[in-house]
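Trainee: Would you choose one part of what is shown below and look at it closely, then connect it to the rest? I would rather have one long, careful answer than a list of separate remarks.

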Amino acid sequence: MKKLLYIILGVFLILPMVTSANAGGPPPKDIMKGTFLNVDDRARTATFQKVGNKETMQLILGTDMKPSDVRVNKKVMVSLDKHAGENVIKSIDIMFLDMTIKRIISLLVIGLIGGLLSGFIGSGGAFVLTPAMMSLGVPGAIAVASNMCHKFPKAMVGAYKRYKYGQADIKLGLVMASTAIIGVQIGIKIQKYILNHFGNAGSNLYVSVIFMIVLVFVGGYVLYDAYKLSKGGDDTKISRLAVRMQKINIPPMMYFKVAKVRISAWVTIPVGLFTGMLAATIAVGGFIGVPGMIYVVGASAVVASATELIIAFIMGAWGSVQWGLSGLIDIRLTLLILAGSLIGVQLGALGTTYVKDYMIKLVMASTMLIVAVSRGAKIPGYLADLNLRPALDPQLAHTLTQVSYWALVTALASAGLIITVAMVKGMMQAKAEAQMGKIVSHG
Amino acid sequence: MKTEVNDFDRHMAAATFAEAGEFETATEFIQEGKDGVKREKTPAPATRKKPYAGMVIFGAVSLSGYAALMTHQDWVSETFTTGGWHAAYPVVTAIVFSFIHGAFASNLLSVLGIEAKK
């Protein structure tokens, strides 16, 4: 418990030093919140009142907008098309959806499975939650913000549970998180550069390509490693790369007690930086942080995935404050996901005590590879946007979008299934062993 | 203070066993203090008491929280998204809910008999 307080204290010490360390980039600036008071069909203008402002302003409807798209007297988010001129509306999103039973149940189920994955492999859930929420009709920025605000309390509960099981390395988590925060800044700079030079489509393509390369290579390697271990490899053996890294003796040397690793800070810093850069680019830093801690630093999969939860907590907390300042968090969405994910994350955390180390790698690898498919299906569309290939046939475009979404759902469902089966098997085995123990001692 | 009391207990227990002629048990009690190894005070009961009360209390608090949220959602959505220092509203609410609902979830899993491997 005392150590947990240290973490929280550490977080507050780190926070003021950074400006915008949030996965997925900072909140958008060209969005206005407010309500439309009326629409003029002929002039194609609408009267808009910003939140907290008494004065109204006239906005012009974009070329592909219909006057009926403007919903009067409902709180909306308006994004402006700066390229089309002053005060031209690009899109209008209703901020707060009505909560139907279908939406509530969807959020609870996705939350539960996302939490399970998070508790087990240290990250996950977020990559599917944002698109899932958007498919329910939540505007993108609200989905990202509400997701971020659910992520950090969930990671906190998960990290606490896994710390109690003796799996989380707080020092490693703090070191990784503080360097990852710097990595996020670098990641955002690169993103901005690409956005300015190649526009939105270029940025999307960049994100997808990075996503594919990282996920296929890292996921493929983790899968290969898990396969080797499942065939009777030595679970405790650390990777050759990590052994070599640990031999580098450049001060300051750091000792991580739970991970049982003594390594130069010059090795952990780049791993943290890359985690942060990836977090800023693809919004899932854990996909590089956990393999990085396993194969470069030399921690076990159990310790690496537990430590990732500490990193997720620190980065998520800061991100939530940033998005909260822009007033984009829909607390109803956050709390509904939390209702399922807080059960899931504890279930996933205790699941790790029943399985072998390679099981964590297996779940991680299969999730990463299926998510890569999802992202890959989007690349042809982005290439067409950049005129690098002919425009997509509408039927094909629709199919690719469907493939992309359902691949995410499959990733989540298959991971949930593997974890559940592995956990139930482990529990039954533990029970049988306990029975045997009793018979022997009484016998 | 606690350790002194424990030490005192241990020595008294050792003395009792020694008086009764159970020298081995008596030395075990003494040894325990020397090498700092703790022995289980009482044999673990076959089934641990399940935290039904905790589950019900935290569950009720959590459920009424959700009910309040859903019945006042217009007001909540409006106030929580004002931005600026109001950012504290969603962040603090998320933390408070996680403690309460997290405690409920933890107790629920214990009641269902799903616990971590020792």
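Mentor: I shall begin with chain B, where, among contacts between residues at least 6 apart in sequence, 57% join residues at least 24 apart. The model is a predicted one, and that should be kept in mind throughout. Chain B has 5 helices and 0 strands, so that its elements, read from the N terminus, follow the order α-α-α-α-α. Of its 118 residues, 19% count as buried.

The part I would single out is helix α3 of chain B, which covers residues 52–71 and thus holds 20 residues. Its first and last C-alpha atoms are 28 Å apart, close to the 28 Å expected at 1.5 Å a residue. The buried residues of α3(B) are B:M55, B:F58 and B:S62, and, seen down the helix axis, they fall within an arc of 90 degrees, so they line one face of the helix. The general background is that an α-helix has 3.6 residues a turn, so residues three or four places apart point the same way. The face of α3(B) that is turned away from this buried side carries exposed residues, namely B:Y52, B:A53, B:A60, B:S64, B:A67, B:A68 and B:T71. As for what covers the buried residues of α3(B), it includes α5 (88–111) of chain B.

From there we can turn to where the two chains meet, a contact that takes 30 residues from chain A and 29 residues from chain B. On the side of chain A that touches chain B, α4 (140–164), α9 (301–325) and α10 (331–351) of chain A each supply at least two residues, and α10(A) gives the most, with 11 residues. By character, the residues on this side of chain A divide into 20 nonpolar, 8 polar and 2 charged.

Next comes the interior. The largest nonpolar core has 144 residues, and those with the most contacts inside it are A:V297 and A:F313; its largest share, 16 residues, comes from helix α5 (residues 170–230) of chain A. If neighbours within four places in sequence are left aside, A:F313 is in contact with A:F152, A:A155, A:M156 and A:A159. For a residue in another setting, consider A:I101, which lies in helix α2 (residues 101–121) of chain A. With 7 other C-beta atoms within 10 Å, A:I101 is exposed, because a residue counts as exposed when 12 or fewer such atoms lie within that distance. A:I101 and A:M212 are 111 residues apart in sequence and, C-alpha to C-alpha, 35 Å apart in space.

Chain A also has paired strands. Strand β1 (residues 31–40) of chain A is joined to strand β4 (residues 75–80) of chain A by 5 bridges, the two running antiparallel, with A:T35 standing opposite A:K75 in β4(A). β4(A) also pairs with strand β5 (residues 88–94) of chain A, in the antiparallel sense and over 5 bridges, and here A:M77 has A:D93 in β5(A) as its bridge partner. Elsewhere in chain A, strand β6 (residues 253–256) and strand β7 (residues 261–264) pair in the antiparallel sense over 4 bridges, and A:M253 stands opposite A:S264 in β7(A). The hairpin of β6(A) and β7(A) has 4 residues between the strands, and in it A:K260 takes a positive phi near 55 degrees.

Key. Residues numbered from 1 in each chain as written. Chains lettered and ligands numbered in written order. Predicted model: local features only at pLDDT ≥ 70, side-chain atom pairs only at ≥ 80, totals over all residues. Expected span 1.5 Å × (residues − 1). Buried ≥ 20, exposed ≤ 12 C-beta atoms within 10 Å, placed from the backbone. Arc of directions from axis to C-beta. Contact = placed C-beta atoms within 7 Å. Nonpolar A, V, L, I, M, F, W, Y, C, P; charged D, E, K, R; others polar. Core = buried A, V, L, I, M, F, W, Y, C linked by C-beta atoms within 7 Å. Pairing = 2+ DSSP bridges.
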